[in-house]
Amino acid sequence: MTQHDKARPGDMHGDAGDVVAGTVTIRQGGARSVRAREISIHQGGAGRAQADQVAVTQGGIVLARTGSAQVTAGAVGVIAATGEVELKASAAKLVLSRNAIDLEHSAAVIAAAPKIEISDSAVGILFARHVDAKNIRVMLGLREAAAFGAAAGGVLWLLKTLWRRRD
């Protein structure tokens, strides 16, 4: 037996519903909802996760609220953190941080934080005060996103006005 195969208190194997504990480790399994001080997911997933610290390796989380997070070769739907978020070779739809985001070989649809470091990654919409970037692709920056939002709002208003005239 290797060190990773040995069962430890707090380790989960298989699927679980709602889990509340101090430290939770999920290996090759899943949980609907997890609340803990520390959550570690290896080749597994969780629907919702709330913790001071979240670490995901080859797994995924639909919605994560955390102090800090590190995702390696995984996927996250929405991650909201008060501290730093680090994504390496990962994908996320929405990444929010009050502190900083570090994307390396990753992709995010929307990333928002005061400071964002990006290398070899792609971001759809980027909101940040300070960006340190190397070899990235950004679809819309702050000005482009504002212009797109204003244009989309104008088109929707016009369509709504025209639709009401037809009635």
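**Briefing: Glu86 and Asp52 in a predicted protein chain**

The side chain of Glu86 forms a polar contact with the side chain of Lys88 at 3.4 Å; a polar contact is a pair of N or O atoms within 3.5 Å, where within protein one must be able to donate a hydrogen and the other to accept it, and residues adjacent in sequence count only if both atoms are side-chain atoms. This is a predicted model, in which local features need pLDDT of at least 70 and side-chain atom pairs count only at pLDDT 80 or more, while totals for chains, interfaces and linings use all residues. Residues are numbered from 1 along each chain as its sequence is written, and side-chain values use heavy atoms, with hydrogens and water left out.

**Overall chain**
- The protein chain contains 1 helix and 9 strands, where helices (H or I, at least four residues) and strands (E, at least two) are DSSP runs numbered from the N terminus.
- Along the sequence, the elements follow the pattern β-β-β-β-β-β-β-β-β-α.
- Of the 167 residues, 37% are buried; buried means under 20% relative accessible area, exposed over 50% and partly exposed in between (1.4 Å probe, protein chains only).

**Glu86**
- Glu86 belongs to strand β6, residues 84–88, and is buried, with a relative accessible area of 18%.
- Leaving out residues up to four places away in sequence, Glu86 touches Ala69, Gln70, Val71 and Asp102; contact means heavy atoms within 4.5 Å.

**Asp52**
- Asp52 lies in strand β3, residues 45–57, and is exposed, with a relative accessible area of 52%.
- Apart from neighbours within four places in sequence, Asp52 is in contact with Ala36, Arg37, Thr66, Gly67 and Ser68.
- The C-alpha atoms of Asp52 and Gly83 are separated by 9.2 Å, and the two residues are 31 residues apart along the chain.
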